[in-house]
2 protein chains.
Amino acid sequence: MDATLSERSSNFCQACAIRNRAICADLANDEIDLLNAIGRRRKLEAGEQILWEGDDAVLVANVIEGVMKLSTQTSDGKEQILGLAYPSDFLGRPFGQTTPYGVEALTDAHVCVFQRSDFDRFAREHPRLEHKLLERTLMELDRTRRWMLLLGRMNAEQKLASFLLETADRMAPADCSFLGDDVPITFTLPLARQQIADVLGLTIETVSRQFTRMKKEGLIDLPSRREVTLLDRGALEDRAV
Amino acid sequence: MDATLSERSSNFCQACAIRNRAICADLANDEIDLLNAIGRRRKLEAGEQILWEGDDAVLVANVIEGVMKLSTQTSDGKEQILGLAYPSDFLGRPFGQTTPYGVEALTDAHVCVFQRSDFDRFAREHPRLEHKLLERTLMELDRTRRWMLLLGRMNAEQKLASFLLETADRMAPADCSFLGDDVPITFTLPLARQQIADVLGLTIETVSRQFTRMKKEGLIDLPSRREVTLLDRGALEDRAV
DNA sequence: CGACCGGTTGACTTTAATCAATTTGCGTGG
DNA sequence: CCACGCAAATTGATTAAAGTCAACCGGTCG
């Protein structure tokens with residue numbers, strides 16, 4: 001990988017993995033050049049945090065590679081994960097004073113970071129970008145609302161089944177091969193058990209018990225701690241309701 | 001529909017109660033005239049539905065008066081309320097194919113309705129409106145994420161306490177009188193017990209028991225089924241965590 | 001090798017859901 | 001105006017689900 005300097009001087013956006021999926025997708029080349037000038041790439045290691053809940057909102061970012069976790073805490077110290085961000089997702093709070101949640105990399109990751117003030121100005125001057133951002137925010141709102149249904153009305157089994165199905169989708173290799181419905185799929189979980197518990201509003205013990213139960217029932221296999229194989233997607237979908 | 005005609009011919013927006021708070025706030029007068037031409041007012045009775053989950057998204061709307069409920073169903077028939085919309089809030093899914101949730105009036109209400117296609121076109125041509133819509137959507141996303149914390153990590157008591165405090169804020173009379181922190185506040189609940197249960201991800205029995213418990217402990221009073229008096233806001237805030 | 005961390009498992013407790021009566025409040029019609 | 005019927009809300013008894021507390025695996029790393 002080249003140094004940051006060369007990343008800035010040449011236009012990295014043009015070759016960006018998410019050039020056509022992120023909010024910058026609709027920008028013309030000259031606009032991309034401008035955006036390129038105010039953003040910079042940053043590499044994150046798993047576990048590294050880039051935004052802190054309650055802080056002044058000075059940064060916004062785009063996820064290029066890896067999985068990020070958005071979370072908040074209850075006053076008694078329990079964590080609730082508010083969402084996960086995958087490549088092409090947007091992070092942070094434009095047009096706002098404070099960051100409403102903490103953001104941490106779950107895997108090694110690449111992000112494209114902007115000073116919020118720069119980004120806000122650019123967005124206001126480029127309606128096409130703002131439009132993309134709006135579309136993305138609306139989608140995110142829909143996704144979050146579906147998550148509310150999960151948290152409010154599902155039991156532990158339904159929660160975990162839904163989580164596995166969604167994660168399988170999101171972690172699917174980019175080649176998008178349309179495998180048959182009943183071909184076993186194996187993927188690496190971007191989250192440890194405790195984090196899965198935090199996503200689903202459960203405890204680690206309950207998550208663990210559900211995993212072993214699903215394994216016993218032949219729905220999934222667990223080749224290693226961080227890997228899952230979906231053996232019977234249909235049955236999982238039934239349980240996810 | 002003659003009524004509609006006259007509403008259309010004069011500019012209703014200019015005198016609209018939410019002219020300065022809704023997404024139209026930043027529009028110039030000539031833009032407002034254009035917007036006025038594509039929207040129309042609609043009166044809703046309590047219980048009336050205006051959007052259906054899964055339908056083609058043909059309408060979007062602004063709440064002018066009253067309280068609306070956004071909700072979805074689990075396949076086993078339980079309802080989960082995804083949010084409530086108060087005056088100046090925006091309803092529906094611009095730039096999308098299907099409506100992601102059902103919308104029903106909880107009280108008698110007024111809304112300002114647009115054909116989605118008209119609205120989408122207008123928004124794309126008027127960045128200031130789109131910007132306002134973006135800000136509002138971002139706020140709504142923040143609010144929804146906070147709600148996730150409630151659903152995922154709070155117990156019944158914390159949920160109800162949070163709900164009462166938030167509702168008190170939102171239902172506060174428009175005169176915005178800054179009452180002291182410990183002055184009892186009485187307001188009318190826009191929701192029946194079952195609906196409160198659906199908002200909080202609880203059952204009606206649990207909600208009822210929490211109400212009576214809080215009353216016994218002197219935190220609140222219940223002058224009638226639909227009314228609540230907050231007697232000790234501080235103590236409620238403690239319980240809401 | 002032993003300590004340690006993440007995960008699993010078991011025993012027990014707590015919370016809220018469920019099931020089942022009542023009770024309350026309210027509108028309707030005699 | 002009162003009696004009736006209905007829906008909403010409350011209350012009680014019981015059950016089920018998930019949380020808690022604690023012990024124990026099993027890799028991994030120093």
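**Helix packing, chain symmetry and a buried loop residue**

In chain B of this predicted model, the axes of helix α2 (residues 29–38) and helix α3 (residues 116–125) come within 10 Å and cross at roughly 165°, where axes are lines fitted to C-alpha atoms, for helices over the stretch in contact, and angles run from 0 to 180 degrees between N-to-C directions. The crossing angle therefore makes α2(B) roughly antiparallel to α3(B), a term applied to angles over 145 degrees. On the side of α2(B), the residues B:Glu31, B:Leu34, B:Leu35 and B:Ile38 meet B:Asp118, B:Phe119 and B:Phe122 of α3(B), contact being defined as heavy atoms within 4.5 Å. The residues of this contact comprise five nonpolar, no polar and two charged, with Leu, Ile and Phe counted among the nonpolar residues and Asp and Glu among the charged.

Chain B is superposed on chain A by a rotation of 180° with 0.0 Å of shift along its axis, at an RMSD of 0.1 Å, the fit being by least squares on the C-alpha atoms of residues with pLDDT of at least 70 in both. The two copies are thus related as by a two-fold rotation axis, and the same surface serves both, since 100% of the contact residues of chain B recur in chain A.

In chain A, A:Thr99 lies in the loop between β6 (90–92) and β7 (102–105), strands being DSSP runs (E) of at least two residues and helices runs (H or I) of at least four. A:Thr99 counts as buried because its relative accessibility is 4%, buried meaning under 20% relative accessible area with a 1.4 Å probe, protein chains only. Leaving aside residues up to four places away in sequence, A:Thr99 touches residues including A:Leu51, A:Trp52 and A:Asp55.

Residues are numbered from 1 along each chain as its sequence is written, and chains are lettered from A in the order in which they are written. Local features need pLDDT of at least 70 and side-chain atom pairs count only at pLDDT 80 or more, whereas totals for chains, interfaces and linings use all residues, and side-chain values use heavy atoms, with hydrogens and water left out.

Conventions:
Buried means under 20% relative accessible area, exposed over 50%, partly exposed in between (1.4 Å probe, protein chains only). Angles under 35 degrees count as roughly parallel, over 145 as roughly antiparallel, 65 to 115 as roughly perpendicular and the rest as oblique.
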